[in-house]
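Biologist: I am new to this structure. Please show me how to read it.

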Amino acid sequence: MAPKSDSAEAIVLNFVNEQNRPLNTQNVADALQKFNLKKAAIQKALDSLEKGGKISFKEYGKQKIYVARQDQFEIPNNEELNQMKEKNANLQKQLEEQKKVIGEVEAEIKSLQSNLTMEQICEKEIDLRMQVQELEIKLNKLRGGVTLVRPEERVAVESMLSEKISQWRKRKRMFRDLWDTLTENSPKDPKEFKEELGLEYDEDVGVSLQSCSDLIPQGKKRPRGQ
């Protein structure tokens with residue numbers, strides 16, 4: 001007698017036949033969680049189906065492995081197998097084509113999502129207009145001869161810059177003298193020794209003492225010895 005279609009046995013039997021591969025109780029329980037079947041009920045159903053000859057099983061130690069009965073399936077001949085292989089190859093080709101189409105669509109969607117909406121464009125336009133207005137006000141002040149930086153502030157900044165440049169030059173000279181002394185009689189190559197110590201010159205980090213010195217107005221530079 002066949003089990004009722006909504007019974008645990010019917011659900012388990014249908015799953016085992018659909019899978020048509022070796023399964024243990026836990027495999028079946030994990031796959032059929034959506035039916036709210038407990039592991040004990042699944043084990044009972046598997047044992048009942050096996051006793052009724054509806055499925056087969058083999059024991060490996062303490063574990064039982066259940067499989068669908070193979071005599072219920074039609075075994076294809078060579079011609080049918082070749083047709084199935086050809087059909088599978090065509091389906092694989094179609095799948096790859098569909099994946100390509102999906103990829104192109106997803107790329108287009110991503111591109112569209114990265115574009116600004118009309119509302120964002122309007123907000124951006126307002127923001128840019130405000131920036132332009134502020135720059136025009138500043139430009140008009142400059143054209144009108146308005147001093148944006150007070151003379152005393154300019155003098156203070158130039159003095160501070162001159163002092164920093166002087167200290168930079170002094171420390172650079174001190175390092176060079178010390179470095180020449182260390183490397184004069186050293187068996188190591190100076191370049192390798194520098195890399196070993198992790199030292200960096202100004203040019204290694206993209207700065208130039210001379211270019212910074214040129215920022216100080218002529219006539220206000222300190223003598224090199226200071």
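Modeller: We will take the annotations, the core and the pocket in turn. This is a predicted model, where local features need pLDDT of at least 70, side-chain atom pairs count only at pLDDT 80 or more, and totals for chains, interfaces and linings use all residues. Residues are numbered from 1 along each chain as its sequence is written, and side-chain values use heavy atoms, leaving out hydrogens and water.

Biologist: Which residues does the "coiled-coil region" annotation cover?

Modeller: UniProt annotations may be inferred rather than shown by experiment. Here the unreviewed entry gives residues 77-115. That span is 95% helix and 0% strand, with its end C-alpha atoms 57 Å apart. Helices are DSSP runs (H or I, at least four residues), as are strands (E, at least two).

Biologist: Which residues touch the most other members of the largest nonpolar core?

Modeller: A nonpolar core joins buried (under 20% relative accessible area, 1.4 Å probe, protein chains only) Ala, Val, Leu, Ile, Met, Phe, Trp, Tyr and Cys residues through side-chain atoms within 4.5 Å. This one has 17 residues; Val12, Val16, Val28, Leu32, Ile42, Leu46 and Ile55 touch the most other members. Helix H1 (8-19) is one of the elements that give two or more residues. H1 gives the most, with five residues.

Biologist: What does Ile42 touch?

Modeller: Contact means heavy atoms within 4.5 Å. Leaving out residues up to four places away in sequence, Ile42 touches Val12, Thr25, Val28, Ala29, Leu32 and Leu37.

Technical notes. Buried means under 20% relative accessible area, exposed over 50%, partly exposed in between (1.4 Å probe, protein chains only).
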